[in-house]
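Here's a small set of exercises to work through with the model open in your viewer. Try each task before you read the solution under it.

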Amino acid sequence: MATDVQAVILVGGKGTRLRPLTLSAPKPMLPTAGVPFLTHLISRIRDAGVTDIVLGTSYQAEVFSDYYGDGADLGVKLTYVTETEALGTGGGIRNVFDELTADTVLVFNGDVLGGTDIREVLDTHRSSDAEVTLHLVRVGDPRAFGCVPTDGDGRVTAFLEKTQDPPTNQINAGTYVFRREVIAEIPAGRPVSVEREVFPRLLAAGRHVHAYVDDAYWRDMGTPEDFVRGSADLVRGIAPSPALRGAGGEALVKDGAQVAPDAVLIGGTVIGANAKIGSGARLDGAVIFDEAVVEDGAVVERSIVGFGARVGAGALVRDTVIGDHAVIGARCELLRGARVWPGVQLPESGIRFSTDV
Ligand code: GDD
Ligand code: MG
């Protein structure tokens, strides 16, 4: 057991890229393959032997404590520290300092779905005797992330947050190991970005920041496309999660959902509790939240349908986010990044991309 290690999870962001879903719930609490996203991450941390976990909250802080309480149901001890004004990623880490007793502190962005061996990250940190260790992955397009070049010894040489001209495709995967005393150096009481301020300053001062690079499953769940894909990967068993037993089918149907026998559920679709799926509906990579309804013959592809929302008969919903309790009229067509705000009601055939109504 890694009792000399504590974990901090940053969950204070507003999740703007996932609006409107994040108007009613913080991003890490959105249902993902049947449970709040954060449950997958907490379970992974627990299975690595780290059970003392501090949540750095800000936006909708109470949603976390109301749901998880002291963490006993998940076999961990959870502590909550809330920023009344968001302090950013570095400020959020500094803000939990009083709760830190272990010398080694694992820090996680709260929206990353990953399969990395957390113990290996810790082992690398210890064997390199670094002050900070960053988990890095390689991606096709690094511009949306922190770009992190390293030297031949595995030392980090620079940290370039969201640069248009990335020198490498190695990026910050959003998991760090800190020596506790380094966290004490972060300025307190004001917003600080760990990516734009803390890491660049440590590197400019020649401090030892090390890299752990691997090719395990990794996805930032911060956009609708990635959220839909990550959820489907969990359902299909492509993304590992100790919180999901027996994953590996084409669809996951929660208790109390009613699915017509001739509805087609494929591509890692999730049907939330008490949701209803009508006859002849076709759902491919769909994320249907609790109590939502998809009527007869509707098609939902790579889209999220919010709590209690309704997709009318014969509608087509593709690459779209539908807010809670919105109503999509029969035969409407929503495509390519459409976002329907909560409670909005679109009349029958009210939006179309084709002319053959
Ligand atoms: N407590 C607290 N306070 N948490 C915050 C705050 C804050 O003010 N701002 C953001 N967070 C949390 C978010 O909830 C999220 O879990 C995490 O910090 C990262 O924020 P994102 O908004 O998701 O950042 P990003 O995805 O654009 O970029 C970050 O993650 C990438 C990897 O997924 C950066 O760390 C990049 O360097 C990295 O590549
Ligand atoms: Mg993110």
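**Exercise 1. Find how many salt bridges the whole structure has, then place three of them along the chain.**

Solution.
- Step 1: the search of the whole structure turns up 22 salt bridges, a salt bridge being a side-chain nitrogen of Lys or Arg within 4 Å of a carboxyl oxygen of Asp or Glu. Bear in mind that this is a predicted model, where local features need pLDDT of at least 70, side-chain atom pairs count only at pLDDT 80 or more, and totals for chains, interfaces and linings use all residues. Residues are numbered from 1 along each chain as its sequence is written, chains are lettered from A and ligands numbered from 1 in the order in which they are written, and side-chain values use heavy atoms, with hydrogens and water left out.
- Step 2: take Arg-179 and Asp-129, whose closest N and O atoms are 3.6 Å apart. This pair links distant parts of the chain, 50 residues apart: Arg-179 is in strand β11 (residues 170–179), and Asp-129 is in the loop between α5 (118–128) and β8 (132–138). Helices (H or I, at least four residues) and strands (E, at least two) are DSSP runs, numbered from the N terminus.
- Step 3: check the exposure of both partners. Arg-179 is partly exposed at 24% relative accessibility, while Asp-129 is exposed at 54%. The cut-offs: buried is under 20% relative accessible area, exposed is over 50%, and partly exposed is in between (1.4 Å probe, protein chains only).
- Step 4: go on to Arg-310 and Glu-295, with closest N and O atoms 2.5 Å apart. Here Arg-310 sits in strand β24 (residues 310–311) and Glu-295 in the loop between β21 (293–294) and β22 (299–301), 15 residues apart.
- Step 5: finish with Arg-318 and Glu-301, at 2.7 Å between the closest N and O atoms. Arg-318 belongs to strand β25 (residues 316–318) and Glu-301 to strand β22, 17 residues apart. Arg-318 is partly exposed at 29%, but Glu-301 is buried at 13%.

**Exercise 2. Which residues coordinate the magnesium ion (ligand 2), and at what distances?**

Solution.
- Step 1: look for donors, meaning N, O and S atoms within 2.8 Å of the metal (3.2 Å for Na, K and Ca); water is not among the atoms, so sites may look incomplete.
- Step 2: Asp-111 (OD) and Asp-220 (OD) coordinate the ion at 2.1 to 2.3 Å.
- Step 3: place the two along the chain. Asp-111 is in the loop between β6 (104–109) and β7 (112–114), and Asp-220 is in strand β13 (residues 218–220), 109 residues apart.
- Step 4: add the accessibilities. Asp-111 counts as buried because its relative accessible area is 9%, and so does Asp-220, at 16%.

**Exercise 3. Is Gln-6 buried or exposed, and what does its side chain reach?**

Solution.
- Step 1: locate Gln-6 in strand β1 (residues 5–10).
- Step 2: Gln-6 is buried, at 2% relative accessible area.
- Step 3: a polar atom of the Gln-6 side chain lies 2.7 Å from the backbone nitrogen of Thr-101.
- Step 4: list the contacts (heavy atoms within 4.5 Å). Leaving aside neighbours within four places in sequence, the partners of Gln-6 include Val-50, Asp-52, Glu-99 and Leu-106.

**Exercise 4. Where does Ile-45 lie, and which residues does it touch?**

Solution.
- Step 1: Ile-45 lies in helix α2 (residues 37–47).
- Step 2: Ile-45 is buried, with 0% relative accessibility.
- Step 3: not counting residues up to four places away in sequence, Ile-45 touches Ala-7, Ile-9, Val-50, Ile-53, Phe-108 and Ile-118.
- Step 4: check one of these partners by backbone. The C-alpha atoms of Ile-45 and Ala-7 are 7.8 Å apart, with their positions 38 residues apart along the chain.

**Exercise 5. Which residues of helix α4 (residues 88–95) are buried, and what covers them?**

Solution.
- Step 1: the buried residues of α4 are Gly-90, Gly-91, Gly-92, Ile-93 and Arg-94.
- Step 2: their cover includes β1, β6, β11, α6 (180–184) and α7 (194–204).

Conventions
A polar contact is a pair of N or O atoms within 3.5 Å; within protein, one must be able to donate a hydrogen and the other to accept it, and residues adjacent in sequence count only if both atoms are side-chain atoms.
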